[in-house]
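Please look over the chain shown here before reading the notes beneath it. The briefing is arranged by topic, so that each part can be checked against the coordinates.

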Amino acid sequence: MLRLQRLAPSRRSLAPQRRMPSRRLRTWPGFTLIEMLMALGVVAVLATIALPSLSEALHRVRRVEAVATLGALQQAQERFHASEAAYTDDLSLLGWPDGLSPSGAYTLEIAQASEAGYLLVARATASGSQAGDTRCGVLALQLEAGLSTRGSACAGCALALPLADAPRCWGQP
């Protein structure tokens, strides 16, 4: 007969099973620090390229608003002249009591007014969003003897009469 022999447990089988460390590193979902720093660097480079362009575009948009506001003031002056036979130097009579453009980026003034004409000036506010527009800080529109002329000056410059330099800031060819 066959004898069944009971095998004695070996020392090896009684010892707790230890796993050999795997050479494969455990992968975690997400980004490494190097990847994050590289992405941050790319964003920084793109921002330094894009921000000056964005700033100049915003200045041009506010300049267009100032030009439109001067046009509206010119129309208001002509309506006032039609009823009073003279031009006024009071903005409140023209419907601009606060003396600001609609966005507040420019202060408006009537520098000269007579029976024959007027000079309308829009200056970029010193502390507002248009303060950085050093190229076209002053826009002006003059009517004299029925002839309308436009001009501009840099932010810290004095406005020279007769008006000149309109193409630079008024968007003319």
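The points below cover a long helix, the nonpolar cores, a strand pairing and one polar residue.

This is a predicted model, and what follows should be read with that in mind. The largest nonpolar core has 22 residues, and helix α2 (33-84) is one of the elements that give two or more residues to this core.

**Helix α2**

- Helix α2 has 52 residues and spans 73 Å from its first C-alpha to its last, which is close to the 76 Å expected at 1.5 Å a residue.
- At Ala50 the helix α2 bends by about 30°, and Pro52 follows within four residues of that position.
- Buried positions in α2 include the polar or charged residues His59, Arg62, Arg63, Glu65, Thr69 and Gln77, and among the others are Ala66, Leu70, Leu73, Ala76 and Phe80.
- After α2 comes Ala85, a residue whose phi is positive, near 60°.

**Nonpolar cores**

- Within the largest nonpolar core, of 22 residues, those with the most contacts inside it are Leu70, Leu73, Leu94, Leu120 and Leu139.
- Two or more residues of this core come from each of α2 (33-84), β1 (106-113), β2 (117-124), β3 (138-144) and α3 (166-170), and the largest share, five residues, is that of α2.
- Leaving aside residues up to four places away in sequence, Leu70 touches Leu120, Val121, Ala122, Leu139, Ala140, Leu141 and Trp170.
- Another core, of six residues, lies apart from the largest one, and it includes Leu119, Val138, Ala153 and Leu163.

**Strands β1 and β2**

- Strands β1 and β2 run antiparallel and are joined by seven bridges, and together they form a hairpin with three residues between them.
- Within this pairing, Tyr106 stands opposite Ala124 in β2.

**Gln142 in strand β3**

- Gln142 is placed in strand β3, and this residue counts as buried because its relative accessibility is 8%, whereas the cut-off for buried is under 20%.
- The side chain of Gln142 makes a polar contact, at 3.2 Å, with the side chain of Glu144.
- Not counting residues up to four places away in sequence, Gln142 touches Gln112, Tyr118, Leu119, Leu147, Ser148, Thr149, Leu161 and Leu163; of these, Leu119 and Leu163 are among the residues of the six-residue core.

Note on methods. Residues are numbered from 1 along each chain as its sequence is written. This is a predicted model: local features need pLDDT of at least 70, side-chain atom pairs count only at pLDDT 80 or more; totals for chains, interfaces and linings use all residues. Side-chain values use heavy atoms; hydrogens and water are left out. A nonpolar core is a set of buried Ala, Val, Leu, Ile, Met, Phe, Trp, Tyr and Cys residues joined through side-chain atoms within 4.5 Å. Buried means under 20% relative accessible area, exposed over 50%, partly exposed in between (1.4 Å probe, protein chains only). Contact means heavy atoms within 4.5 Å. The expected span of a helix is 1.5 Å times one less than its number of residues. The bend at a residue is the angle between axes fitted to the seven residues ending there and the seven starting there. Two strands pair if DSSP finds at least two bridges between them. A polar contact is a pair of N or O atoms within 3.5 Å; within protein, one must be able to donate a hydrogen and the other to accept it, and residues adjacent in sequence count only if both atoms are side-chain atoms.
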